[in-house]
Amino acid sequence: MTTISDVPNPIEQILHSAGIKPRGVQKKAIKAGIYDGKSIMVSSPTGSGKTLIGEMALLRAVLSGKKGLYLVPLRALAVQVASVLKERYFDSEISVGLSTGDYHTDGEELSTYDVIVTTYERTDSLLRKKTSWLGEIGTVVIDEIQTLAETQRGARLESTIIRLKHLIPEIQLIVLSATIGAPDELAEWLRCELVVSNDRPIPLHSNIITTSDKSNAVKEIVMTTVQSNGQCLVFHRTRREAEVQAIRLSADVGRQFTAEEKKKIDDELGSVVNWDVKLPAGLKALLHDGTAYHHAGLNYLARRLVEDLFRRGMIRVICATTTLASGIDLPARTVVLTSVKEPSNHNQFMSGNKIHQMLGRAGRPGYDKRGVGVLLAGSSGEADVIRRKYFKTSSVTENKSEILQPKYDRLFSTLNETNAVTEQLLVGFDMFGSTTVENIEQSLFSDSFLMYCSIRDTRSPHRILQLDELSSETAIERHALQDAIRSARQNVLASVKIRESTDSVIGGIVTGWEGGNFTSRFSAKLSPDGTVEGPMCSCGIPFDSNGLLCPHLVALGFTASKELGTLADYVIPLALSESNPLGVLTRLGLIEGSEDGEYRITHLGSVVNRLYLSIPTIREMIALLPFTSDVEDLLWLLRHLASIETGSSLDDSYENLVAGVASTDMEISKLAESLELHVGDAYGLLETSRWLLSAISAVSEIGGFEELVQKSTNLLKSLDNRLGRTTPENQEDEE
Amino acid sequence: MGKPLILGSEPEKDPLESRTRQSMIVSSDTEIDWDSRSVEQKWSFPILIGFITILVVLFQPILSICLTIIILSTLYFLPTVSARREIDSIRNSQWIILKPRENILSETDETLLYRDNDDNRHLIGLELFEPSNMLFGSLGSMIRSLNTDHGFVLRVSMRLESIEEVINQDRIRSNKEEYLESLGKSGRHRFISVRGGLWSTYVMLVGHLRDLHSVSTFEAAIHGAVPTSGWKQIENKDLAKRLTIQKSDYLSRFYALGHELSEWLVQLPSELAPEVGSNVPSEFLSPIKTIASDYPLGVAVNPETLQTGPVVGFSHNDLVNGTLVCGGTNAERKRILALLIQALIAKEKRVLLITGNPNYGDLAGLTENVITLELGHDFVLNPVDPDNVPRTEYVGQLISALEILAGADLTGAADLEIALNRTVAIGNTTVADVRFDTAEELMDSPSIDKTSQTTKPSNKSLVGLDAVRLLHEGSGARAFYGTQTIPIRDFTKIPYTVLTINLGSVELDTFAFDLLMMKLAGLKQDSDFVVIFNEPLNLVARNRRHYYRIPWIEFLAKRVKKRGPLVVAMEHPADFSPATIGLLTSCVSSRLRESVDVKEAVDLLGLSVIQTGMHSKARHSSRETSFLRVIPDGMAVIANTGGELGYPVKLNDSPDLSEMTSTTDVTKRLAEYTTCVKESSSRKTDSLIEHVMGRDYEHGIAVLRLLQRYEPLTQEAVRKFISTTTDDVPDIEAILMKLERGSLILKGHEIHSGVSYLNYRLTMKGTMALRQNGEDLMK
C-alpha cells in the first residue's frame, strides 16, 4: 500500500485507518483541490466511488472545525449513507447525525453532530427555519444532483443551493452526479471545478428488444441469465407489475436452484439476525425460489434483507420499481427495463439520465465480464423512439449491427413550474422581509440555474419568469421566442381567423406565411384522461422540447388578445397552465401589500413557509379549516392533504390507520397489514401525518379555531407517543 | 290564344271558322238554328208587324194591293236579271286556255311513270271507297312510313248528302234506317244537323316514289297505317286520266259525320309537327285550363297545336311532397330555380338554397334581401353541435355521416360513439374536442391482469377518429372546425339565404350536405320555410362506390322531407337511389341525355303510363320519352299534382339576377335577423345563478364564493365543503354538474408529486354572476 503524498494528510490518515485508499476519480478530485476547500462537481457512473469524494470533503470540513452536510434525495439513501459513515468513522470520533422528515421541528438538536446526513427537503426546511447552526457549515455534499431536473423537488433543491450560497458565501460545495449531459454547464452555474470520469468497471452492452408479449420476453431473458449463473434486475413502472412479474418468474427460477441452495435461503430467512424482519405474505415463498420484488411499499428491514440476499448471490432475480435506481448500489449481470415511461405519468418518457442510471447497474465487478442492459419495446415504432431518444447509434458495417451509446440529457431547471415559483416567491418574501417583487426577482431568481440556462440557451423564451399580473400576452411571452413575438405583434407571423371563443377554449384557423392552414387552439378544458388539454395545433408540434409554442399558436394568441381582450386573458394563461404567483399568495393571505408597491409576508405566510407546506396544500387547508369541526372531518382533511403532499391517492384505510394508531395499542405493522397497507408505506404516512397535524394545529391557532387546535394537538400527541421513540431505521422513504 | 273547348284539346283552327262570320249575337236562348247559327227572333216583333199590316189592310187597302204587286213583279224578274248580269261578267273576264303538257305521264307495268325534265317518279294511287264510319289508324305513322321526298297527294273529298237520298238508295243498315224513318222528316233533319251533317267522303292517295321497289312498301305502309279494308289501287290508266284532266271523281262512297271528320282533320298538323324539327309530340296531354299553381314557371304548350296554353307551375303542396328539378345544362336548371325562388319570395316564403355548385351563387341576385354564405368562408358548420336534434339520435347519425370521410363502414365503432357522445353532450365543443379515453389510463389500475384485457379502441373507431381529425387538422378545418356561425334554426328566420358548399373535395362536400340535412331534419315542421338543395353530392348513389351509405342516404332524405317543403335539383336523376327518388313526387325536367336518366325521369314524369287518351289512342308512347332527349332550350317537361302525367311547359324568361347585394355587411344583417332570439333569451326574471342552479341556489353561491377566494380548489375539497356546510344531504354531483354546465366553474387539473387532481376554478361568467348577485343584494 502506498500513499499518494509524502506528507501524510490527516484526511487520508483517517481514510487509511478505515481501510480506504483513494483511486481513479477520487485522485482526480484531490488533484482538483478538494482538500483546499475548492468546490468541485464530480460526474461519473454509478459504482465509481463518488460517495467517497463526498466523505473526503466532509472530513476536511470536520477537521477544520466546521460542520459537514451530506444531502441525498431519498430517506432510504440517507439512512444507508448515515449508517456507513457512522460505522466507518466511529473510531475517528466523528459524530454522524441523521435527519429526515420532521419538517415541523427546528432541528436545533442536530447542532451536536459533526456530519449531518439529511434529505434535500429537510435542509430546505432547516434553512427556512433559520436554524442557528447552519452558519457553522463548511462543506455541503449534494449527492444525485440530477434530481435538479425533477419537478418540485428540483425547484426546492435549486432554491436551497442558492440560499445556502447566500447564507455562507465561502461554502465548499461537493456536487456528485451520475453521468449527465453537458455537466460543464451545471458546474459553471455552481461555480465548481468539474471532474468527469466515464470509466465503467465492467463494459455495458445495451439492447432494445421488440416484443408484443413483454412478460414472456422478460421470462426468456431472465432464464437465460439465471441458467448461466447470472443475476438479473427487472425494473417495472408500478409496484403491482413488479410483484406480479416476480410471482410469474418464481416457479421457473426456482427450478434452477438445488435443494441445498434453497435450504440455504430458508436457513438465512429463519436465522436469528432476521427475526425482526416482517416479510409480507408471499414474499417469503418467492425468496425460497430465489426471486423477490422490491419497492417502497416494503418496510426498511425487508428491503435490506432482499438487497443483502441479492448481493450475496443467494437470490437471482429482483423485480423492482425505480426505487432501486438511484443511489443504492446493487449490480447484476442483466438489467431489464420493461417500460420507459414515468411511474407517475404513463404518457411521459423517463429522462435519459434515469434510464441510463438503471441500465448502468448491469455488470457486477468481479463476477461478470460484461453487463447487459435490455429495454423492452412493445412495437418497432416504440423501439425506434427509444433508440432515438436514449441512444446515439453508430453502425458497424461488417456485421450490419448497431452500437448503442447512451445519450444523456442536459439538466433543465424546474423552478419555472407554477407552484414552484409561487412557493419560492413566498420563501423570498420570508427571506427579505418587506420588498418588491422585482427585488426578489433580482436577488433570488437571478442567481438561479433557470436564469443561467436561459441566458446560455438561445432557444429560451422571451419572458423567463412572470411573478405578478398575467395577461394572455405575457403568458405567451413565456412560451415563445422574441422573434416570434415581434413578428406576431407586427401581424406578419400568420393570418388568423378566430373560430371558437368560449369560456374554456379559444381556437382558430391560422394561415402561416409559409402557406398551409392550421387549426390551433388554446384549451383550458379537461381531456378525458383528466389533464388540461392545453395548446393544440394541427401542425403536430404545439410546443417543442423547450416548451416553445409553434408560430401558429403564437399568432393565434396575439390575435385573440387583440380581438377578445379579457376572455383571452382568462383562457390562454389557463391553457398554458400559467398562473400569477403574486396573486395566489395575496389571495391566500400569505403576503400583503405595504407602501410603495412593496409586499411583506404575513404571519400566516411565515408560519406556512416554515412549516414547509406546498402552496396547494396550504390552499386546501385554509379553504377547509373553517368547515372542519369534528375529528372525523379532521381525519378527512388530513388524508386529503397527505394525498396531495405524498402524491398518492389514499382511501379510507389511511383514516383507519391514523385513528387506529392513535386510539389502539395494536402493533403498527399488524394494523397496516389488516388494512392491506404496505408496512413501509404505513410508516411513511404516519410521519407525514405528524408533520401535517402540527401544521394544521399551527394554522388553526392563527385562524382562531381553538377547538381544532385542541383536537389536532391531541391527535399529534397520541401519534408521537406511538412513533416518538421508533428508531430511524423504521422510517420509510418516499418513492 | 284559342278558346278552350269543352271536350278535349283545342284544334289548331276551328273548321267552322273558315265560314264567313256574320255578326255576333249573344243570346241566352238555346233555340239556335244550326244552319245559319242565328237565334230565332222574339215573338213581339212579328206580332207588331202583323198588327200594323192588318191595320194597313183594313184602313188602306189600295196601298197594300200596290205593295203586293210591286213585290210579286220584282220576284218574277229577278232571276232573269241576275243570270244576265252573271253572263256579262263572265264574258268580260279574260280566261287563258292552257294546253296540257303531253308525254309527261307514261304507263309502265305496275306504275305510272312521271317524267319531268330529268326527274322520274313512279306514281301509284290508292283509293278508299267504303271506309267504316269509324276510321282507325294513325295518320302520323302513315306519314312516317312513306318516303315523302317528293311529297304525296292525299285527297279527301266530301259532299253533303241528303238523308232521304241515302235512305232511298239503301245504303245504310236496315235497323238504322228504321230508326231514322221513325223520326219523321223534320226529326231526321235535326238528328243529322246536330251531328254536323251527313257527308259522303272519298279518299284518294297518290304516292310519288323514286323507284319501283318502293311500290310494294308503299302499299304495305298504307295498309299498315290505316288498317281498314277497302283500299284499292287505282288503275294506271285511270290514274293517268284523272291526273291529266285534273278531274276528280265526286262519287260519294264514304260517309262521315261532322265530328268524326273533325277528328281526322285536327290530327293532321300535330301529327306532322314532330317531323318538322323537335316539336312536341302529340302524345303529351297538356292541361287546357289553368290549374291553381302557386309558383308559376311558364305556360303549358299544346302538343297538338304547339300553341301556348295556361300558366303552369308547382303548387305549394308539390314542394311539401318533394320536388325534383333535373336535366338540362346548368343554365337551364338555374333558370328554373330562379323562377321558382322568385315565385317563392313573392309569396313571402322563406327560402334556404344550399348549392354544391358555386356557379349558382348568382341566384342570390334575385332579391336584395338575401344572405349569401359560403361554407368555410363565412359559415362554419360544427359537426358536434347537434342544433335541435336530440343527442341520442344525432350521434348515431353523425357516425353514419363520417363514413364517407372514413371511407369505411363505421357501424359498431363503440369508442368513437362514446367519444362523440361525450363531446356532443358537453356542449360548446368543437371537433377538436373529440378524443378517446386513453387506453393507457386503464393501465394505472392496480391489477396487471386487467391490462392485458383492456380494450384498445377498435380499428373502426381509430379510422373514425382519423376522419374526425380531418375535420379539424385536415382540409376540412376551415369548414367544420369552430363554433357554428349561425344556428340552423336561425336560417328559418332569414327570408332568403344562399349557402354555397364548395370545399374542393367530394368527400368533404358530401359530409357537409349530410350534416346540413341532419340538422335541418331536426327543425320543427315549418311549411313556409322551403329548403332547396342544388346538386347535393351526398344523395348521389349511382356508382355504388359507397354502397354502405345507401340506407343512410335514404334515411336522411326521408327525414329532411318530413320537415317541410323540399326541392332538390340535380342534373342526373339516375344519381339518386330508387328510394330517394321515390320520395319526390313532382318534377320538372329539362333535356336529359343519358338513357338511365331518361328511364328515371319517365317514371317520375308519368310518361310511360298506358292509358286511353282523349283521341282514342293507347297512350304508350316512346316518343314522349325520346322527347326528353331533345327538349329545346326554354322548354321543360313538368309533372305536378295538377296533371298526373308530365306535359311540356314553355319556361318564362329567367328573372334578372343582377340585384346588387353587398356582401360586406353579412354579419350585420345576420344580426338583424337573429336579434329577436337573443333578446328573448336574455330577458330573465331571475339572476344568472338562480337560473342555473334552481333550488340549489344557496349551495351554488357558497361554492362560487369559496372558489373566488381559493381557486383553484381540488374537487375533493369542494365536495367536502358542500357536504359539511349543509345539514341536509345535498346532491353534490348535481350541484357541481349544474355549475359546470352553466359555465360558472371550470374543471381543470393539477399535479402534485405526479398525481393528478381534478380542480375547479371560477370562470369569467362565474365571477360576473357573483358580482351580479352582489349587486342584486345591494339593491
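**Group meeting: a walk through a predicted two-chain model**

Okay, let's start with one helix: 12 of the 14 residues of α3(A) are buried, so this helix is largely enclosed by the rest of the structure. Before I go on, keep in mind that this is a predicted model.

Which residues of α3(A) are the buried ones? Near the start you have A:Lys50, A:Thr51, A:Ile53 and A:Gly54. Then come A:Glu55, A:Met56, A:Ala57, A:Leu58 and A:Leu59, and the list ends with A:Arg60, A:Ala61 and A:Val62. So lysine, glutamate and arginine are in there too, as A:Lys50, A:Glu55 and A:Arg60.

We can also check the length of α3, residues 50–63 of chain A. At 1.5 Å a residue, its 14 residues should span 20 Å, and the end C-alpha atoms are 20 Å apart, which agrees. After the helix comes A:Gly65, with a positive phi near 80 degrees.

Now let's zoom out to the whole of chain A. It has 735 residues, and buried ones make up 53% of them. What does its secondary structure come to? The count for chain A is 29 helices and 21 strands. And if you take contacts in chain A between residues at least 6 apart in sequence, 68% of them join residues at least 24 apart.

Next, have a look at a sheet in chain A. Six strands form an open sheet, and the order is β8-β13-β12-β9-β11-β10, with parallel pairing. Which strands stand at the edges? Those are β8 (204–210) and β10 (291–294) of chain A; each has a single partner strand, so one side of each is left without a neighbour in the sheet. On average, neighbouring strands here are turned by 20 degrees against each other, direction ignored.

One pair inside that sheet is worth finding on your screen. Strand β9 (residues 232–235) and strand β12 (residues 334–337) of chain A pair in the parallel sense over 4 bridges. Within that pair, A:Val234 stands opposite A:Val336 in β12(A). Helix α9 (residues 239–255) of chain A packs on the sheet, where it touches β9, β10 and β11 (317–320) of chain A, and its direction makes about 170 degrees with that of β10(A). Another helix of chain A, α14 (residues 380–390), lies across β8 and β13 (371–377) of chain A, at about 150 degrees to β8(A).

On to the place where the chains meet. How many residues of chain B are in contact with chain A? It's 48 residues of chain B, and they contact 48 residues of chain A. Several elements of chain B give two or more residues to that side, including α26 (697–710), α27 (715–725), β20 (745–752), β21 (755–762) and α29 (764–778). The chain B side divides into 17 nonpolar, 17 polar and 14 charged residues.

Last topic: confidence. For the complex, the predictor gives an ipTM of 0.76 and a pTM of 0.68. Chain A has a mean pLDDT of 84, and 95% of its residues reach 70 or more. Chain B averages 77, with 74% of the residues scoring at least 70. Among the elements of chain B, helix α15 (residues 448–453) has the lowest mean pLDDT, 40, and strand β14 (residues 529–534) the highest, 93. Over residues 439–454 of chain B the pLDDT is below 50, and this stretch has 18 contacts in the model beyond near neighbours in sequence. In chain A, residues 725–735 stay under 50 as well, with 28 contacts beyond four places in sequence.

Definitions and conventions: Residues numbered from 1 in each chain as written. Chains lettered and ligands numbered in written order. Predicted model: local features only at pLDDT ≥ 70, side-chain atom pairs only at ≥ 80, totals over all residues. Expected span 1.5 Å × (residues − 1). Buried ≥ 20, exposed ≤ 12 C-beta atoms within 10 Å, placed from the backbone. Contact = placed C-beta atoms within 7 Å. Nonpolar A, V, L, I, M, F, W, Y, C, P; charged D, E, K, R; others polar. Pairing = 2+ DSSP bridges. Axes fitted to C-alpha atoms, helices over the stretch in contact; angles between N-to-C directions. pLDDT = per-residue confidence, 0-100.
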